[in-house]
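I opened this notebook page to keep track of what I looked up, entry by entry. The topics are charged side-chain pairs, their exposure, and domain layout.

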Amino acid sequence: MLQKMYDWVDERLDITPMWRDIADHEVPEHVNPAHHFSAFVYCFGGLTFFITVIQILSGMFLSMYYVPDIINAYESVYYLQNEVAFGVIVRGMHHWGASLVIVMMFLHTLRVFFQGAYKKPRELNWVVGVMIFGVMLGLGFTGYLLPWDMKALFATKVGLEIAQTVPVIGPALKTLLAGDATIIGAQTLTRFFAIHVFFLPGALLGLMGAHFIMIRKQGISGPL
Amino acid sequence: MAKKDDVSRRQFLNYTLTGVGGFMAAGMLLPMVRFAIDPIMKEGAKQDMVPVVEVSKVTEKPQRFTFEIEQKDGWYESKVTQAAWVYKDKNGDIVALSPICKHLGCTVDWAASPAHPNQFYCPCHGGRYEKDGTNIKGTPPLAPLDVYKKEVKDGKLYLGQAVPQ
Ligand code: HEM
Ligand code: FES
């Protein structure tokens, strides 16, 4: 049945070469943990991606209940965590995943660094990786404000003060992020929400696409 | 020696990978899906009986009375106003009808159509109902108006949830 459906589409659109190109390639021996156990270090990139998928999925589901409004934000998070079935688990996935994704990304970066895998011809992928790192930190920073509790508010206060210390553009940057020169309030929350769920995930998907296309094109770096 | 229905190494690996992958995907998606469908799994909130009007004020002609109920909408609690068409029927029993049209939910009014002075009339698509709420054949609504659960205590009419007749 499935085979028939596949054949029907394939006959018309010739999709086999497309997915072959994406999925069907050899895994070299030196990156296969079945051959050398130490090759598990090659898993961290994939694990970063896996957790990013969890973040995107759990985030989409959280925003079914969450409202980015200073009166209702805290109540809506409280409600989705305590009164919606599996709320603790879905929020927990997003909450713990946010930290875990940073850990995985960091381990992946360490592997690339210590193996020298960033060297020619892979310099550009290192640059894209650093941009992904920045976007991830941005997601963590903007997401942290969303529950609108005391911890969220004061962490953001501190983060914005840090932004303000940037030479020359600091004060303008802070106002741009907070939506107001002095208040951290209604406008800050809606901005952070928009950045957290639209702008940064969009940038992240684009960067990850570039990251993976380059890997596909250049192949994984050779054994040490 | 491979027999015809032996499982090849490739097939075996495909099955285990699909199985393990499917199990992991399910473990990830199940909580999220249950989370998303929570509104259809939750029981509707029970509605308290609310005092609406003195029984002595109820006439044979339907009158519209409003009353406030506590509504809990997720994390948002508020008071909302509801309306009822209330009258005494021939036996002196009190009838309290919901004004919500059973066609597509507009609000009906008593005797609002000059051509039908003894009927409820819905302005949206011309739905009409008898005084007892029965829908009139040939007009859009397919069911009679809902009736409120009612109770008389200390000379006052209390109304609860509106239920289908
Ligand atoms: C498309 C992707 C995403 C969407 C739609 C999304 C959406 C949300 C929403 C609605 C909240 C508020 C609910 C809550 O606090 O429990 C939230 C919180 C948060 N998000 Fe995301 N998110 C996404 C991706 C990410 C990523 C990739 C990260 C991490 C690098 C992240 C980090 C956070 C953090 C740290 C919080 C605060 C969580 C807490 O304190 O429980 N988000 N996100
Ligand atoms: S909604 Fe009342 S007639 Fe259509």
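Entry one. I started with chain B of this predicted model, where I found that the side chains of B:Asp38 and B:Arg34 meet in a salt bridge, with 3.0 Å from N to O. I then looked up the exposure of both partners: B:Asp38 has a relative accessible area of 5% and is therefore buried, whereas B:Arg34, with 24%, is partly exposed. Following the pair further, I noted that B:Arg34 and B:Asp38 are linked with B:Lys42 in a network of salt bridges.

Entry two. I next turned to B:Lys79 and B:Glu70, whose side chains also meet in a salt bridge, at 3.0 Å from N to O; here I recorded that both residues are exposed.

Entry three. In chain A, I looked up the salt bridge that A:Arg20 forms with A:Asp24, in which the closest N and O atoms are 3.0 Å apart. A:Arg20 has a relative accessibility of 42%, so I entered this residue as partly exposed, and A:Asp24, with a relative accessibility of 46%, likewise counts as partly exposed.

Entry four. How many salt bridges does a search of the whole structure find over all chains? I wrote down 8.

Entry five. I closed with the domain assignment of chain B, which gives domain 1 as residues 1-46 and domain 2 as residues 50-163. Taken over C-alpha atoms, the centres of domain 1 of chain B and domain 2 of chain B are separated by 49 Å.

Notes
Residues numbered from 1 in each chain as written. Chains lettered and ligands numbered in written order. Predicted model: local features only at pLDDT ≥ 70, side-chain atom pairs only at ≥ 80, totals over all residues. Heavy atoms only, no water. Domains from an automatic or database assignment. Salt bridge = Lys/Arg side-chain N within 4 Å of Asp/Glu carboxyl O. Buried < 20%, exposed > 50% of the residue type's maximum accessible area, 1.4 Å probe, protein only.
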